[in-house]
Amino acid sequence: MIAHPAREEITLEAVLAALADPVRLRIVGDLAAGHTEMACVSFRLPVTKSTATHHFRVLREAGLIRQSYQGTSRMNALRRDDLEALFPGLLDTILAVARQHGSPPLQP
């Protein structure tokens, strides 16, 4: 079983710290672009597998994503409802600014 913080345990500081990294921002951007769930291997990340695992763990522990297993694949889903309830408009604003400034390359 994969541990996730409860909605009330998600903090603004943890969310912002997690999104401060371009690789993690890219992962969240990919999930926000309409993918309900994506396997870890589906992301085209410019890092090693172990580094990618670290990034997914940081996102999960910050409360940005929920991970589950489907067979041998670890699936990732954005916790948009939880984030929107806690910090209305924050995620969309961060992703829009990131797209506007072209860093990192995010899905439209």
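**Questions about a predicted fold**

Modeller: H55 lies in helix 3, the stretch of residues 49–62, where helices (H or I, at least four residues) and strands (E, at least two) are DSSP runs numbered from the N terminus.

Colleague: What kind of model is this, and how are its residues and atoms counted?

Modeller: This is a predicted model, in which local features need pLDDT of at least 70 and side-chain atom pairs count only at pLDDT 80 or more, while totals for chains, interfaces and linings use all residues. Residues are numbered from 1 along each chain as its sequence is written, and side-chain values use heavy atoms, with hydrogens and water left out.

Colleague: Why is H55 called buried?

Modeller: The relative accessible area of H55 is 6%, and buried means under 20%, with exposed over 50% and partly exposed in between (1.4 Å probe, protein chains only), so H55 falls on the buried side of the cut-off. Leaving aside neighbours within four places in sequence, H55 is in contact (heavy atoms within 4.5 Å) with D21, V23, R24, I27 and V47.

Colleague: Why is T51 called partly exposed?

Modeller: T51, which is also found in helix 3, has a relative accessible area of 31%, and because this value lies between the two cut-offs, T51 counts as partly exposed. From T51 to H4 there are 47 residues in sequence and 20 Å in space, taken C-alpha to C-alpha.

Colleague: How do you know that A33 counts as partly exposed?

Modeller: A33 has 34% relative accessibility, so the label of partly exposed applies to it by the cut-offs already given. A33 is found in the loop between helix 2 and strand 1, and its C-alpha atom is separated by 18 Å from that of V15, 18 residues away along the chain.

Colleague: Why is helix 2 described as largely enclosed by the rest of the structure?

Modeller: Helix 2 covers residues 22–32, and 9 of its 11 residues are buried, so the description follows from that count. The buried residues are V23, R24, L25, R26, I27, V28, G29, D30 and L31, and they pack against helix 1, strand 1, helix 3, strand 2, strand 3 and helix 5.

Colleague: What makes strand 1 and strand 3 a pair?

Modeller: Two strands pair if DSSP finds at least two bridges between them, and 2 bridges join strand 1 to strand 3 (residues 73–78), so the requirement is met. Strand 1 and strand 3 run antiparallel, and A39 stands opposite M75 in strand 3.

Colleague: How do you know that strand 2 pairs with strand 3?

Modeller: The same rule applies here, and with 6 bridges between strand 2 and strand 3, which run antiparallel, the requirement is satisfied. R66 has A77 of strand 3 as its bridge partner, and in the hairpin of these strands, with 2 residues between them, G71 takes a positive phi near 65°.

Colleague: What makes strand 1 and strand 2 edge strands?

Modeller: The open sheet has 3 strands in the order 1-3-2, with antiparallel pairing. Strand 1 (38–39) and strand 2 (65–70) each have a single partner strand, so one side of each is left without a neighbour in the sheet. Helix 3 packs on the sheet, touching strand 2 and strand 3, and its direction makes about 120° with that of strand 2, the angle running from 0 to 180 degrees between N-to-C directions of axes fitted to C-alpha atoms, for helices over the stretch in contact.

Colleague: What surrounds the largest cavity, and how much space lies in it?

Modeller: A cavity is a set of points on a 1 Å grid over the protein atoms alone where a 1.4 Å probe fits but cannot get out, a pocket is an open set with protein on both sides within 12 Å along at least five of seven lines, and lining residues have an atom within 4 Å of a point. The largest cavity holds about 40 Å³ of space, and V15, L19, L83, F87, L90 and L91 line it. Helix 1 (12–19) and helix 5 (90–101) are the elements that give two or more residues to this lining.

Notes
Grid points are joined across faces, edges and corners, and a volume is the space filled by probe spheres set on the points.
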